[in-house]
Amino acid sequence: MIKVIRADITGLSCDVIVNAANQALRGGGGVDGAIHRAAGPKLLEACRKIGGCPTGEARITPGFKLAAKWVIHTVGPVWHGGDHGEAALLASCYRNSLELALHQGARTVAFPGISTGVYGYPKEQACRIALGIMREYEDRFDGIICCCFSDEDKRIYDETLSATD
Ligand code: APR
């Protein structure tokens with residue numbers, strides 16, 4: 001089941017929350033900063049040990065002080081106008097994150113809108129890609145949660161989800 005909610009992802013007690021990270025996995029602003037603050041310094045230590053993550057791929061760490069058991073860090077593409085492979089890379093983020101969550105035995109996974117903040121990916125286009133991949137995987141989870149940070153983002157997800165029912 002795909003569920004759309006408006007919430008701060010750091011407060012969710014699901015098996016996995018997904019982080020919109022950067023290639024260095026060194027924390028940052030946006031949702032990345034919020035997740036690192038809530039998880040505590042051990043998260044950065046775990047990320048340092050991993051070393052880094054190429055765009056489109058995903059890596060997993062424990063959630064430490066978070067209610068979520070695991071954090072999957074994925075690196076979305078920076079938007080450069082749409083003809084630099086952005087769509088395929090964004091789809092890879094969702095696919096690789098869900099594959100990693102399955103491998104970990106996770107039953108519930110929550111995603112923010114990867115690349116739709118600092119990285120500038122147009123929200124409607126990013127939402128269609130996210131939901132397309134989630135649809136492929138929804139039967140293999142108890143819940144895939146689209147965690148929207150604003151009412152506007154939630155409206156985009158709700159409308160796109162019902163348009164593709
Ligand atoms: N909970 C849920 N969603 C959030 C939260 C939160 N606490 N904080 C921000 N968001 C939303 C934003 O509104 C946006 O829709 O997450 C989405 C992704 O935005 P960013 O965090 O800016 O991520 P992204 O665009 O992928 O850029 C990644 O930002 O801070 C850096 O280290 C990060 O360099 C990387 C870059």
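A residue counts as buried when its relative accessible area is under 20%, as exposed when that area is over 50%, and as partly exposed in between. Keep that scale in mind as we walk through this predicted model, since it will come back at nearly every stop.

Let's begin with the overall fold. The chain holds five helices and six strands. Read from the N terminus, the elements follow the order β-β-α-α-β-β-α-β-α-β-α. The radius of gyration is 14 Å, close to the 15 Å that the globule rule gives for 165 residues, so the chain is as compact as a globular protein of that length. Along its principal axes, the C-alpha trace spans about 40 × 35 × 30 Å.

How is the chain packed inside those dimensions? Of the 165 residues, 47% are buried. Among the contacts with a separation of 6 or more, 69% are between residues 24 or more positions apart. On the outside, the chain exposes about 7,700 Å², and carbon and sulfur atoms supply 52% of that area.

For a look at a single buried side chain, turn to His36. You will find His36 in helix H1, which covers residues 30-39. With a relative accessible area of 13%, His36 is buried, because the cut-off for that label is under 20%. Which residues does His36 contact, leaving aside its neighbours within four places in sequence? They are Asn19, Gly27, Leu43, Leu44 and Cys47.

Now for the charges. The chain carries 18 positive and 19 negative charges, and the mean positions of the two sets are 8 Å apart. The salt bridges come to 10 in the count, and a few of them deserve a closer look.

Start with Lys123 and Asp153, which form a salt bridge whose closest N and O atoms are 2.9 Å apart. This pair links distant parts of the chain: Lys123 belongs to helix H4 (residues 123-137) and Asp153 to helix H5 (residues 151-163), with their positions 30 residues apart. The two partners also fall into separate classes of accessibility. Lys123 has a relative accessibility of 32%, so it counts as partly exposed, as that value lies between 20% and 50%. Asp153, at 13%, is under the 20% cut-off and therefore buried.

Stay in helix H5 for the next pair. The side chains of Arg155 and Glu159 meet in a salt bridge, 3.1 Å from N to O. Both residues lie in helix H5, four residues apart, which is about one turn of the helix. Buried or partly exposed: which label fits Arg155? Arg155 is partly exposed, with a relative accessible area of 35%. Glu159 is partly exposed too, at 45% relative accessibility. The pair does not stand alone, either: Glu152, Arg155 and Glu159 are linked in a network of salt bridges.

One more pair rounds off the tour. Glu57 and Arg59 bring their side chains together in a salt bridge of 3.0 Å, N to O. Glu57 has a relative accessible area of 31%, which makes it partly exposed. Arg59, at 25% relative accessibility, also counts as partly exposed, because 25% is not under the 20% needed for a buried residue.

Key:
Residues are numbered from 1 along each chain as its sequence is written. This is a predicted model: local features need pLDDT of at least 70, side-chain atom pairs count only at pLDDT 80 or more; totals for chains, interfaces and linings use all residues. Side-chain values use heavy atoms; hydrogens and water are left out. Helices (H or I, at least four residues) and strands (E, at least two) are DSSP runs, numbered from the N terminus. The radius of gyration is taken over C-alpha atoms; the globule rule is 2.2 Å times the number of residues to the power 0.38. Buried means under 20% relative accessible area, exposed over 50%, partly exposed in between (1.4 Å probe, protein chains only). Contact means heavy atoms within 4.5 Å. Accessible areas come from the Shrake-Rupley method with a 1.4 Å probe; for residues, only the protein chains shown count as cover. Lys and Arg count as positive and Asp and Glu as negative; His and the chain ends are not counted. The place of a charge is taken as NZ of Lys, CZ of Arg, CG of Asp or CD of Glu. A salt bridge is a side-chain nitrogen of Lys or Arg within 4 Å of a carboxyl oxygen of Asp or Glu.
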